[in-house]
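Please walk through the following model with attention to how its helices are placed against their surroundings. The account starts from a single residue and then turns to a pair of packed helices.

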Amino acid sequence: MQTNVQLRLGVNNHIVENADVLVAQFRSDSGYAYYRYTPLTPPDRLVVEDLAVTLLVNSWAGWQAALSLIENSYSIDLSELPQKPLEQTDLQEREKVAEVISVLANLKGFAVSLATKLLHKKRPSLIPILDNQAIFGAYLNPDWPASRSPQDSVKSSERVLKALNQITFDLIRPENICAWEQLQKIEPELTRIEIFDSIWWMYFRKLEPVKR
C-alpha cells in the first residue's frame with residue numbers, strides 16, 4: 001500500500017504529509033470511538049440522548065443544550081437533508097445543510113461545533129464536524145498557523161456554507177482523489193468526511209497543541 005499519502009487542504013492549501021499516519025494515530029483518540037459508534041436514536045429527529053456521544057469528541061454539551069432539544073427538537077426536520085455524501089452534493093443542497101446546522105447552532109447552549117457533532121451522527125457521510133478552532137480558526141484562515149486560531153463561536157449559515165463548500169472542494173479536487181482512495185482502504189468503515197475530519201484534527205493539533 002502507498003505510504004506518505006499527501007493531501008492538499010484548506011484555503012491556504014496546506015500540504016498535509018503522511019495523512020495515512022495521521023489516520024492510524026487517530027485510532028488512539030476518543031473521536032475514533034465516536035465515529036465507530038452506531039446511534040440507537042431516530043435518524044431524522046434530534047433527542048436529548050443524542051448529546052451523550054458528542055462527549056467523545058470533546059463537546060461542551062450542558063443542561064442548556066439538553067433543554068433546547070427538549071423544547072425545539074420537533075421543529076428541526078432532518079428528513080429534508082440530502083441523502084448522499086457531501087462530496088456528491090450541489091450548492092443548493094449544501095445551502096439546505098447549512099441552514100439546518102445554523103438553526104441548531106443558534107439554540108441556547110449550542111454553537112456550530114456542538115451542532116455539527118450532534119448532526120454528524122444523523123448523516124455521517126454528509127455533515128462534517130465544524131470545530132470553531134480547527135475549521136473556522138485554522139482550515140478557513142489563510143493566516144494560520146502564523147496566527148493562533150481564534151475560538152469565536154460561529155452561528156451564521158453563510159459561514160457554515162463557506163466551510164461546507166471548501167471541504168467539498170477538497171474532497172473532490174483532482175490532486176486529492178488518489179489519496180482519498182488510499183486512505184479509504186485503511187479505514188473502509190469510515191466515510192470520506194470522517195477520514196477528512198480525523199486527518200485535519202490530528203494535523204491541526206500537531207501545529208496547535210492543547211496546553212494542559
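In this predicted model, Ser68 belongs to helix H4, which spans residues 63–72. The relative accessibility of Ser68 is 6%, and because buried means under 20%, Ser68 counts as buried. When its neighbours within four places in sequence are left aside, Ser68 is in contact with Ser73, Leu107, Lys108 and Phe110.

Ser68 shares its burial with other residues of the helix, since the buried residues in H4 are Ala65, Ala66, Ser68 and Leu69. These residues cover an arc of only 160 degrees around the axis, and therefore they lie on the same side of H4. On the other side of H4, by contrast, Trp63, Ile70 and Glu71 are exposed. As for what covers the buried residues of H4, the cover includes helix H3 (51–54), helix H5 (91–105) and helix H6 (112–120).

A second part of the model concerns two other helices. Helix H1, residues 19–26, packs with helix H10, residues 192–207, at an angle of about 95 degrees, and their axes are 9 Å apart. Because angles of 65 to 115 degrees count as roughly perpendicular, H1 is described as roughly perpendicular to H10. On the H1 side, the contact is made by Ala19, Leu22, Val23, Gln25 and Phe26, while H10 contributes Ile195, Ser198, Ile199, Trp201, Met202, Tyr203 and Lys206. Sorted by character, the residues of the contact of H1 with H10 comprise nine nonpolar, two polar and one charged.

Note on methods:
Residues numbered from 1 in each chain as written. Predicted model: local features only at pLDDT ≥ 70, side-chain atom pairs only at ≥ 80, totals over all residues. Heavy atoms only, no water. Helix = DSSP H or I, 4+ residues; strand = E, 2+ residues; numbered from the N terminus. Buried < 20%, exposed > 50% of the residue type's maximum accessible area, 1.4 Å probe, protein only. Contact = heavy atoms within 4.5 Å. Arc of directions from axis to C-beta. Axes fitted to C-alpha atoms, helices over the stretch in contact; angles between N-to-C directions. Parallel < 35°, antiparallel > 145°, perpendicular 65-115°, else oblique. Nonpolar A, V, L, I, M, F, W, Y, C, P; charged D, E, K, R; others polar.
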